[in-house]
Amino acid sequence: MRIQFKKRLKLFIEDPHYPLLENHSLHGEWRKFRSINITGNYRALYRYISDDVAEFFIIDTHNNLYE
C-alpha cells in the first residue's frame, strides 16, 4: 500500500485532478476533506490547509471510511 500511495502522491503533486485519482469532495462527517483513489478499494483523505498545501489525513478502505 505504501508503494501505491507514493505513486498516487506523485500524480497528485503533478496534477491533483489527474483522472486516475478520481479526486472529489466528501459529504457528511468527512465534508471538510477530499478523497483520492489509491487502489480499487483504498482511498486517501486529505484537506487543503492553504492554497498550495494539502494535508493527508487517513488511508483506509472505502467500506471502513464510508460506513
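Trainee: How do you know that the span of helix H1 agrees with its 13 residues?

Mentor: This is a predicted model, and we can check the helix in it. At 1.5 Å a residue, the 13 residues of H1 (residues 2-14) should span 18 Å, and the end C-alpha atoms are 19 Å apart, which agrees.

Trainee: Which residues of H1 are buried, and what makes them line one face?

Mentor: Phe5, Arg8, Leu11 and Phe12 are the buried ones. Looking down the axis of H1, they fall within an arc of 120°, so they line one face of the helix. They pack against strands S2 (34-37), S3 (42-50) and S4 (53-61). The other side of H1 has exposed residues, among them Lys6 and Lys10.

Trainee: Why is Phe5 called buried, and what is Phe56 called?

Mentor: Buried means under 20% relative accessible area. Phe5 has 16%, so Phe5 is buried. Phe56, at 26%, is above that cut-off but not over 50%, so Phe56 counts as partly exposed.

Trainee: How many aromatic pairs are there, and why is the pair of Phe5 and Phe56 called edge-to-face?

Mentor: The whole structure has eight aromatic pairs. For Phe5 and Phe56, the ring centres are 5.5 Å apart, within the 6.5 Å limit, and the planes are at 80°, over 60, so the pair is edge-to-face. This pair links helix H1 with strand S4, 51 residues apart.

Trainee: Which cluster do ring pairs build?

Mentor: Ring pairs link Phe5, Phe12, Tyr46, Tyr48 and Phe56 into a cluster.

Methods. Residues numbered from 1 in each chain as written. Predicted model: local features only at pLDDT ≥ 70, side-chain atom pairs only at ≥ 80, totals over all residues. Heavy atoms only, no water. Helix = DSSP H or I, 4+ residues; strand = E, 2+ residues; numbered from the N terminus. Expected span 1.5 Å × (residues − 1). Buried < 20%, exposed > 50% of the residue type's maximum accessible area, 1.4 Å probe, protein only. Arc of directions from axis to C-beta. Contact = heavy atoms within 4.5 Å. Phe/Tyr/Trp six-rings, centres within 6.5 Å; stacked < 30°, edge-to-face > 60°.
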